[in-house]
Structure formats: C-alpha cells, structure tokens
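Reader: I should be grateful for a close look at a single part of this structure. Please explain how one strand fits in with its neighbours.

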Amino acid sequence: MVLIGILLSLLLSVSDSLYIQSVQTFQYVGQKEKPLAVAFNAILSKDTTLGSKEVVKYDSVLTNVGGAYRPSTGIFTAPYKGIYTISCSLMSHPSNSVHLDIMKNGKKLSIVYSASGTNPHSAQTQQLLLNKGDRVWIQNRSGNKASLHDHGSYNLFSGALITKV
C-alpha cells in the first residue's frame with residue numbers, strides 16, 4: 001500500500017492526464033469480478049386505478065439489470081450500499097388529480113403531482129444514498145382512488161446504481 005501511495009504521488013507530479021488514467025487502472029487492480037451493474041426501467045402498460053395508499057405496480061419491465069425491481073410488488077430493493085438515481089413520471093387520467101409519494105423504507109421522500117381536467121405530465125429524479133436492503137417504491141398519497149392514464153409510455157419508475165460506497 002505504501003508503494004502504491006508513493007507511485008500515485010509521483011504520478012500526480014507528472015501530469016493530470018496520466019493521473020486520471022492511473023486512478024482508473026488502480027480501481028480495478030486485483031478486482032476478481034466485473035464492476036457491478038444495477039438498473040431498472042418499468043412502465044404501466046394500461047390505464048390503472050389505485051386504491052388508498054396503494055403501491056404502483058409498474059407491470060411492463062423494459063430493463064431490470066441485477067433483478068432488484070419486482071413488478072409483482074412495485075418495489076425496488078437496493079442490492080448494494082451506494083448512490084442511486086431514482087426517477088418517477090406521472091400522468092393522471094383527466095377525471096382526477098393524482099398525488100404519488102416516492103417512498104423509502106416507509107417514509108415519504110417527495111411527491112409527484114398531476115392535475116385533473118387535462119393530461120399534465122410531471123416527473124421527478126433524485127440521487128439517493130441507499131444502504132443494502134433499502135426499499136424504494138411509488139404509492140398513491142391519497143385516501144381516495146387515483147386513476148393513472150397510460151398506454152405504455154407516460155407513467156415510469158426507473159433507477160440505477162451510480163456508484164457503490
């Protein structure tokens with residue numbers, strides 16, 4: 001380790017571009033497996049009505065690298081401690097307004113809102129530090145039913161591991 005530290009110190013004094021290449025190489029020295037990948041992207045395939053506080057089950061899975069998203073529950077479970085990007089988009093049915101909560105382990109992180117009368121589309125993206133086993137999902141905020149308008153393209157839940165920590 002001391003030798004590596006000395007080599008990095010010498011590389012820092014030579015040039016920035018050499019340092020960047022050396023750090024990239026250093027990160028993978030001795031690593032026995034490929035860098036880990038986690039990414040999911042799921043949408044609703046049809047108009048969907050949610051009950052009070054019901055979790056949205058995005059049923060059309062486009063990507064699920066690492067298998068951390070479960071369409072049967074609508075829940076993403078972080079397989080590693082790391083920084084993740086999580087996104088949600090919403091289009092309500094014109095007959096009602098909809099508030100969806102972005103949830104982490106039972107606590108609301110934020111709200112996505114779509115008004116009634118038209119088809120406004122809203123979205124939100126967050127970068128979250130998640131521990132292994134943390135769960136993230138989208139749920140109806142209201143105590144009333146909520147109708148989401150979709151034909152396979154408007155209501156989305158996605159996420160990806162940016163880096164392990």
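Author: In this predicted model, strands β7 and β8 form a hairpin with two residues between them. N105 lies in the turn and has a positive phi of about 50 degrees. The two arms, β7 at residues 98-104 and β8 at residues 107-114, run antiparallel and are joined by seven bridges. One pairing serves as an example: D101 has I111 in β8 as its bridge partner.

Strand β7 also pairs with β10 (residues 135-140), again antiparallel, through five bridges. Here M103 stands opposite W137 of β10. In general, strands of a sheet pair through backbone hydrogen bonds, either parallel or antiparallel.

These pairings belong to an open sheet of five strands, in the order β4-β5-β10-β7-β8, with antiparallel pairing. Its edge strands are β4 (69-70) and β8, each of which pairs on one side only. Strand β7, by contrast, stands between β10 and β8 in that order.

Burial completes the picture. Buried here means under 20% relative accessible area. Five of the seven residues of β7 are buried, so this strand is largely enclosed by the rest of the structure.

Definitions and conventions
Residues numbered from 1 in each chain as written. Predicted model: local features only at pLDDT ≥ 70, side-chain atom pairs only at ≥ 80, totals over all residues. Heavy atoms only, no water. Buried < 20%, exposed > 50% of the residue type's maximum accessible area, 1.4 Å probe, protein only. Helix = DSSP H or I, 4+ residues; strand = E, 2+ residues; numbered from the N terminus. Pairing = 2+ DSSP bridges.
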